Amino acid sequence: MNSMKASYMKSKFIISIIVSLVFCTLLSGCVPRSIIDELGITHTIGIDEENGKLTATVLYPNYTNSNKSSVIKTAADNPSTLKSNLGHKSQSQIVLGQIRTFVFGDSYSKAGISRVLETICKDATIGNITFVVSDLKAEDIIRGLKTAPPLYLSHLLETSVLHEGTPETNIHTLVSQYYGSGIDIYLPNISFDNDKQLIINGLTIFKGEKSKLTISNKEAFLFKLMNDKNKSGYYDITLPIKDNQKEKDDKQQKQHNDKKQGDQSEKRPGNENNFALKSLYGKHKITLHKKGDENTINMNLTLNVELKGIPESIHIEKKEDYEYLKKTMEKIIAKDTETLLKKLQQNEVDPFGFGIIYRSESKEWNEKEFYQTIYPKMKFSVKTELILRQLGVGE
Amino acid sequence: MKNIVKEQFLVSTFFTFYLVHSSQIGIGILSFQREVSKNAQQDAWLSVIIAGISIHILIWLIYQTLDEKHNDLVAVHDFCFGQVIGNILSILVLFYFLLSAFAVFRTYIQIIQVWVFPTIKTWQLALVLGVMIYYIVSGGFRILTGFSVWGVIIPAFLLLLLYFPLRYMNPRLLMPVFNHTVKDILLSTKASVLLFVGFEWIYMYYPFIKGAKKSQKWAHLANGISTVLYLIVLVVSFMYINQDTLQHATWATLFMTKIIELPFIERFEYIFIFIWILVIIPTLCIPIWACTRILKRITNSSHFKPKISLAFFIIVMIVAATFIENFVEVDKLGKFISNAGFYFLYIYIPFIFLMKLFRHQLTKMLSKAQ
């Protein structure tokens, strides 16, 4: 009896060792693995439409062989085949896990971006990415980036959003604007300038899945002021000359001239009355005011600004001048915003999401009806308040 | 058929809080937003509150059903229906518990396949998970209780992660309030009941709690906190993702974590998925432990080892998991278990309560008559 028990214990011990060894091999990770040197990790993809087909142009850095980036281009009928076709053309497997920026070319964004967008949404490997639109072909943009560092475009966008007044967009905003009703898609627009430098060229606004209107950088900043939490950026203002100031101005100019002894004969570059205000931080509030059939959008903006290089004719320490400067700037910003709103309204696009606001305050919601009958008749009233926080370190 | 557990296997009264809370928070929180908001849309938060309150009533019913003498479901079945019918019912409940563990098991494998390793085979993951379940459950009920502490702590960290989506929130998406019919809100309530499933395992671990009668307040507290947690996640999701997009987002919570970008971790959702295994462990292991317990109680013999039945249940789950091949079937399984859970909670629990009450009165009257 005892020996039987001992042998049972012994066999149990051996079995447990074998079982644990077997599971050790499992735990060592027989999961699919990827070796980083053998992957084509792309950071930027450009999508175009050519002869009814989708084309993708991919830029991927080639870390192992040389420090140069490679560009490959391929065409297909659907986004998934596009990815595999890219693989056919490269020595390494193309992976999308580290992708940062999608560039939609002119032809593709005009034809509608839904196909690619829906594929991206379903792809779990894709993380938080940004999208941009271009008036050129996406292929040209990608080829232009070949000599630049791999993350150049995504860094350009990032700094531009953080500091230079481009409205923030990413996969989240794009997807919710695409599926959600009551708001239209907006994406930054990039292009090359005359010197072949890559620049951010305002904001492209979509109607449905198709691009419709591009607004300038200046307008895009106004849009950001009324829409984003981060409000940093510069807005340039041309101050109209104050009537009763003119005389004084002349006098001063004379004094100035006397001092400078005729330097004024040469015209200085730039506009004397034009300057930029630097927006630091602020708050915006958009409310809907319903009165019978009339819907008014009220926008309130409180902005803390820093002034740099105000015109010489303005003596900021004088209360009168201070008030004049403040009121005029407020008026200019409000007026420009109203102009922008009307422009958007005329083009039947709604990047602010007035539809969402309208929907949140009415029992019934019909997207089509809103954009056909209510939105075109909407009235806007913009109020801004500037708080002049700083004046720079100089005098 | 009295059922006394030795002192050294008991857990303290307040551990009921961890047990109930961690059984309720599980795989559901990764994806519940879509189902819950299908009917009531932005008013679905109301449905979650209604469901939470109704669960409080059910917890009360469970604690009324169990007492010193009949301290688990098998004993109650035995008391109400006699041994044969009672045991049949107990086995049916065993199937339900096993199925609810299996649904979690298969869905988690599905999530790993969809999000992280598309080429991995179901049996590989099932085997690894199965070994883990065997290891934990064979440790006994006290080990399970220890794991359920993790099931409370980690979901609490989820609240910190919600800071990131909060930066993009739009409170207007919660409005207009109450523009749905009562029917819509109730349908959403039905969908959100599944979130709270898990507390009914009290039926089996009740005798393992020291001073079990006093543990009721902890169970209620746990359910209250689950409700609040679900509510917070739901409201943040609603403010972050609009209703139309939500219907396209299968795993809305994972979709929300996509926005998280830390300087040292670019893709947070991968880490999130793997940490979540610790949250899922209680919802996976407690029902399996309950199954082995039911089997032990109805066979009521010392030579039938719970470890063998445990291995048997796990093998059944692994084999069954490999038979479910595509995502449609996983969805169907989820729907089925959600319906089964609904009926178990709202029909079976009150039914057992009434039967127990009836039987109790009957014995009283009979003894008086004598």
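1. In this predicted model, strands β2(A) and β3(A) form a hairpin with two residues between them. The turn residue A:N51 has a positive phi of about 50 degrees. The two strands, β2 at residues 44–50 and β3 at residues 53–61 of chain A, run antiparallel and are joined by seven bridges. One of the pairs can be named: A:E49 has A:L54 in β3(A) as its bridge partner.

2. β2(A) also pairs with β6 of chain A (residues 101–104), here in parallel, through four bridges. Within this pairing A:G46 stands opposite A:V103 in β6(A). Strands of a sheet pair through backbone hydrogen bonds, either parallel or antiparallel. β2(A) has one partner of each kind, with β3(A) antiparallel and β6(A) parallel. The strand is mostly covered, with six of its seven residues buried.

3. The domain assignment splits chain A into domain 1, residues 36–215, and domain 2, made of 234–242 + 250–258 + 271–390. The C-alpha centres of the two domains of chain A lie 32 Å apart. Contact between them involves eleven residues of domain 1 of chain A and twelve of domain 2 of chain A. On the domain 1 side, the elements that give two or more residues are β9 (198–207) and β10 (210–215) of chain A. Of these, β10(A) gives the most, with three residues. By class, this side of domain 1 of chain A has five nonpolar, three polar and three charged residues.

4. A second sheet to look at is an open one of four strands in chain A, ordered β11-β12-β13-β14, with mixed pairing. Its edge strands, β11 (233–238) and β14 (379–390) of chain A, each pair on one side only. Neighbouring strands are turned by 40 degrees against each other on average, with direction ignored. Helix α10 of chain A (residues 319–346) packs on this sheet and touches β11, β12, β13 and β14 of chain A. The direction of α10 makes about 145 degrees with that of β14(A).

5. Inside the four-stranded sheet, β12 (residues 274–291) and β13 (residues 294–308) of chain A run antiparallel and are joined by 15 bridges. Among the pairs is A:L277, whose bridge partner in β13(A) is A:L307.

6. Chain B has 16 helices and zero strands. Its radius of gyration is 21 Å, close to the 21 Å that the globule rule gives for 370 residues, so chain B is as compact as a globular protein of that length. Along the principal axes, the C-alpha atoms of chain B fill a box of roughly 70 × 45 × 35 Å. Buried residues make up 46% of the 370 residues in chain B. Of the contacts in chain B with a separation of 6 or more, 85% are between residues 24 or more positions apart.

7. Between the chains, 24 residues of chain B are in contact with 20 residues of chain A. On the chain B side, α5 (83–115), α6 (122–137) and α12 (243–246) each supply at least two residues. The most come from α6(B), which gives three. By class, the side of chain B that touches chain A has 13 nonpolar, five polar and six charged residues.

8. Some backbone geometry deserves a check. Most residues other than glycine have a negative phi, and most peptide bonds are trans. The loop between α8 (163–166) and α9 (182–196) of chain B holds B:P176, and the peptide bond from B:M175 to B:P176 is cis, with omega near -5 degrees. B:F178 lies in the loop between α8 and α9 of chain B as well. Although B:F178 is not a glycine, its phi is positive, about 55 degrees. This residue counts as exposed because it has 12 C-beta neighbours inside 10 Å, and the cut-off for exposed is 12 or fewer.

9. Chain A has a positive phi of this kind at A:K196, near 70 degrees in a residue other than glycine. A:K196 sits in the loop between β8 (186–192) and β9 of chain A. Because A:K196 has 7 C-beta neighbours inside 10 Å, it counts as exposed. β9 of chain A, which follows that loop, is also among the elements on the side of domain 1 of chain A that touches domain 2 of chain A.

Technical notes:
Residues are numbered from 1 along each chain as its sequence is written. Chains are lettered from A and ligands numbered from 1 in the order in which they are written. This is a predicted model: local features need pLDDT of at least 70, side-chain atom pairs count only at pLDDT 80 or more; totals for chains, interfaces and linings use all residues. Two residues are in contact if their C-beta atoms, placed from the backbone, lie within 7 Å. Ala, Val, Leu, Ile, Met, Phe, Trp, Tyr, Cys and Pro count as nonpolar, Asp, Glu, Lys and Arg as charged, and the others, Gly among them, as polar. A residue is buried if 20 or more other C-beta atoms lie within 10 Å of its own, exposed if 12 or fewer, and partly exposed in between; C-beta atoms are placed from the backbone. Two strands pair if DSSP finds at least two bridges between them. Domain bounds come from an automatic or database domain assignment. The radius of gyration is taken over C-alpha atoms; the globule rule is 2.2 Å times the number of residues to the power 0.38. Axes are lines fitted to C-alpha atoms, for helices over the stretch in contact, and angles run from 0 to 180 degrees between N-to-C directions.
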